[in-house]
Amino acid sequence: MNDLLDRIAATTPPDRTILLVCAAVALAALLVREVSALTRHLVTLMHEGGHAFVAIAAGRSLHGIRLHSDASGVSVSRGRPSGAGMVATLFAGYVTPGLVGLAGAYAVPNGWSNAYLWGVVLLCAAILLQIRNLHGLWVVLAFGVGLGLITWFGTDLVRSTVTGTLAWFLLLSGPWGMVGLWKARRRDRSRTDVDQLAAITPVPAVIWWTLMLLVTVATGVVGGLRLTA
């Protein structure tokens, strides 16, 4: 029983040096083009998952999630086309990866890396039920099953290191995603989350972008401090 609890919950926190190495690996996964071509699908998974879960929490009807091969995605929900629920749903996407990373940043030093990983696996399982295309199915399965295998078969050090790297990656991807969003607005302003928010509220898109940037930077700073304390 104790061994089972160890497998599904606690891990020994890694030392500061290992977490700094995790940060370097996460940064490379974000900046090296050949690597980011794969890892950005994880960011999209978290982004669309954020839209979906907030939509459900806001009382909207979720009609599926699609993840595309170009690392774009879409979550379809039905409900009022404006109002607080729709605003929260649109706002959630870009801030969700950083918030999930922040949870990991608190889990690692407290010795709960494996519990965090199992939580992410369950999150993937919930998203899987809403996936409506083949590419999205493979993305969620690859990530969810991969983490599941690590949580069950990985050593204590492997599990905590993977959690630290994942937390760093998601924390860093928040502000980086906002830079990408700013560039995307130059190509098509009608489809971005901030422009949709501007269309249903009196607040300009640049203000929504700034608010999202502040949230992602704040989660990155707080999470980074937790991981390097």
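This tour of a predicted model visits helix α2 and then a salt bridge in helix α7.

Begin by selecting residues 16-31, which form helix α2. From its first C-alpha to its last, this 16-residue helix reaches 23 Å, close to the 22 Å expected at 1.5 Å a residue. Next, add Asp-15 to the selection and look at the N-terminal end of α2, which Asp-15 caps by placing a side-chain oxygen 3.2 Å from the backbone nitrogen of Thr-17.

Now show the side chains of Leu-19, Cys-22, Ala-23, Ala-26, Ala-29 and Leu-30, the residues of α2 that are buried. If you turn the view to look down the axis of α2, these buried residues fall within an arc of 125°, so they line one face of the helix. An α-helix has 3.6 residues a turn, so residues three or four places apart point the same way. To see what covers the buried residues of α2, bring up helices including α3 (33-57), α7 and α9 (205-228).

From there, stay with α7, residues 156-187, and select Asp-156 together with Arg-159, whose side chains meet in a salt bridge with an N to O distance of 3.8 Å. The structure holds one salt bridge. Where do Arg-159 and Asp-156 sit relative to one another in helix α7? Being three residues apart in that helix, Arg-159 and Asp-156 are separated by about one helical turn.

Finally, colour the pair by relative accessible area: Arg-159 is buried at 8%, whereas Asp-156 is partly exposed at 26%.

Note on methods. Residues numbered from 1 in each chain as written. Predicted model: local features only at pLDDT ≥ 70, side-chain atom pairs only at ≥ 80, totals over all residues. Heavy atoms only, no water. Salt bridge = Lys/Arg side-chain N within 4 Å of Asp/Glu carboxyl O. Helix = DSSP H or I, 4+ residues; strand = E, 2+ residues; numbered from the N terminus. Buried < 20%, exposed > 50% of the residue type's maximum accessible area, 1.4 Å probe, protein only. Expected span 1.5 Å × (residues − 1). Arc of directions from axis to C-beta. Contact = heavy atoms within 4.5 Å. Polar contact = N/O pair within 3.5 Å; in protein donor to acceptor, adjacent residues only side chain to side chain.
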